[in-house]
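Let's take a walk around a protein model. Have the sequence and the 3D view ready, and look up each residue as you read.

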Amino acid sequence: MFRLYNNIDSERDRIQDCIQKYGHTSDHNLDWYADSIIEAEAEPVFVEFEDGTGLLTHKYPDKWRIWSDPLCKEDDMPQKIEEFGLEIFRDHKIKELWCDDVAERIYLELKERINRQDLFKQVLPVYQGRLKLNEPYYHLYWPVLDMVKYDPVLPGGHFKEIRNAKSKFMREHKLSVVNTSEFSQKDLLKIVDDWQTEVTKKQKEDVYDLRYRNAIKNNFRGFKTARVIIADSRPVGINAGYEVPNHLGRFAGVIGLHDYSIKDLGTILWLEDL
């Protein structure tokens with residue numbers, strides 16, 4: 001069984017202890033998780049199992065979303081999702097359980113268990129005909145850069161396109177970087193507004209701006225660094241991140257957005273974040 005804690009501030013020590021013990025992904029950060037609701041009526045809820053392991057979740061009126069991998073040993077992650085899911089679906093108002101950005105192995109094991117009908121052998125009659133494991137809504141593919149081999153001079157043909165874009169940008173624009181604390185929340189939110197306007201032109205769904213607005217309003221609490229990129233005396237982008245728990249030297253640059261006002265601005269943000 002498990003307990004639910006929906007007062008994140010009062011339970012910070014409890015949640016942080018669990019993250020420090022079991023955290024391992026780039027999303028295992030208490031404040032980024034709390035910021036990252038995608039609808040205003042949602043609330044972050046920490047799920048603590050009897051053995052001290054946990055889930056970072058967001059509760060909505062008719063669904064739950066699990067944020068990243070469960071906070072437990074890797075071999076136990078599918079079972080934790082299964083245990084949580086079977087319990088919450090006792091409530092007929094709950095229609096969906098989303099697993100946001102979890103490891104592929106979790107999905108594959110849950111799918112295998114359903115194919116073997118191991119999961120449904122445990123299901124009470126109330127669940128019959130109600131539970132279905134959908135196909136993944138999306139897959140994430142991350143570019144990997146070997147930082148041991150990376151040279152900021154960007155030599156050779158491999159980096160030619162990026163090198164040319166950087167050189168042109170620096171010739172034509174005056175660039176500087178400062179901490180987000182140097183700007184008002186209004187100025188920072190304006191960057192998000194402009195980003196959202198441009199992104200929405202390209203895609204109508206899954207534009208999740210609320211998490212960035214929450215991070216700004218909470219003054220990037222829980223982040224090791226949060227910076228504003230200024231071009232020609234105007235704030236045009238934000239880079240922010242933190243260290244990944246239990247992975248010495250691994251940094252998660254989870255926020256990197258800009259207003260699309262200048263060609264190759266995204267490349268400049270990426271280079272700045274390195």
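What follows looks at a pocket, some salt bridges and a patch on the surface. Keep in mind that this is a predicted model.

Let's start with the pocket. The second largest pocket holds about 190 Å³ of space. How do you find such a place? Rolling a probe the size of a water molecule over the atoms shows where empty space is left. Around this pocket you'll find Asp-9, Arg-12, Asp-31, Ala-34, Asp-35, Ile-37, Asn-214, Asn-218 and Arg-221. Sorted by class, that lining comes to 5 charged, 2 polar and 2 nonpolar residues. Helix α2, which covers residues 30-35, gives the most to the lining, with 3 residues.

Now for the charges. Side chains of opposite charge can pair when their charged atoms come close. A search of the whole structure turns up 22 salt bridges. Here are some of them:

| Salt bridge | Closest N and O atoms |
|---|---|
| Asp-31 and Arg-221 | 3.9 Å |
| Arg-90 and Glu-87 | 3.2 Å |
| Asp-194 and Lys-190 | 2.7 Å |

Take the pair of Asp-31 and Arg-221, whose closest N and O atoms are 3.9 Å apart. This pair ties together distant parts of the chain, 190 residues apart: Asp-31 belongs to helix α2, while Arg-221 is in the loop between α8 (210-217) and β7 (225-231). Is Asp-31 buried or exposed? Asp-31 counts as buried because its relative accessibility is 10%, which is under the 20% cut-off. Arg-221, at 41%, is partly exposed. There's a bit more going on here, too: Asp-9, Arg-12, Asp-31 and Arg-221 are linked in a network of salt bridges. Each of these names also appears in the list of residues lining the pocket.

The pair of Asp-194 and Lys-190 sits within one helix, α7 (residues 185-202). Because they are 4 residues apart there, about one helical turn separates them. Asp-194 is partly exposed at 22% relative accessibility, and Lys-190 is partly exposed at 46%.

As for the pair of Arg-90 and Glu-87, Arg-90 has 44% relative accessibility and so counts as partly exposed. Glu-87, with 28%, is partly exposed as well.

Last stop: the surface. Tyr-137, Tyr-138, Leu-140 and Trp-142 make a nonpolar patch of about 510 Å². Where is Tyr-137 found? Look in the loop between α5 (118-121) and α6 (160-172). Tyr-137 counts as partly exposed because its relative accessibility is 47%.

Methods. Residues are numbered from 1 along each chain as its sequence is written. This is a predicted model: local features need pLDDT of at least 70, side-chain atom pairs count only at pLDDT 80 or more; totals for chains, interfaces and linings use all residues. Side-chain values use heavy atoms; hydrogens and water are left out. Patches are made of residues with over 30% relative accessible area and no salt bridge: like charges are joined within 9 Å, nonpolar side chains (Val, Leu, Ile, Met, Phe, Trp, Tyr) within 5 Å. Accessible areas come from the Shrake-Rupley method with a 1.4 Å probe; for residues, only the protein chains shown count as cover. A salt bridge is a side-chain nitrogen of Lys or Arg within 4 Å of a carboxyl oxygen of Asp or Glu. Helices (H or I, at least four residues) and strands (E, at least two) are DSSP runs, numbered from the N terminus. Buried means under 20% relative accessible area, exposed over 50%, partly exposed in between (1.4 Å probe, protein chains only). On a 1 Å grid over the protein atoms alone, a cavity is a set of points where a 1.4 Å probe fits but cannot get out, and a pocket is an open set with protein on both sides within 12 Å along at least five of seven lines; lining residues have an atom within 4 Å of a point. Grid points are joined across faces, edges and corners, and a volume is the space filled by probe spheres set on the points. Ala, Val, Leu, Ile, Met, Phe, Trp, Tyr, Cys and Pro count as nonpolar, Asp, Glu, Lys and Arg as charged, and the others, Gly among them, as polar.
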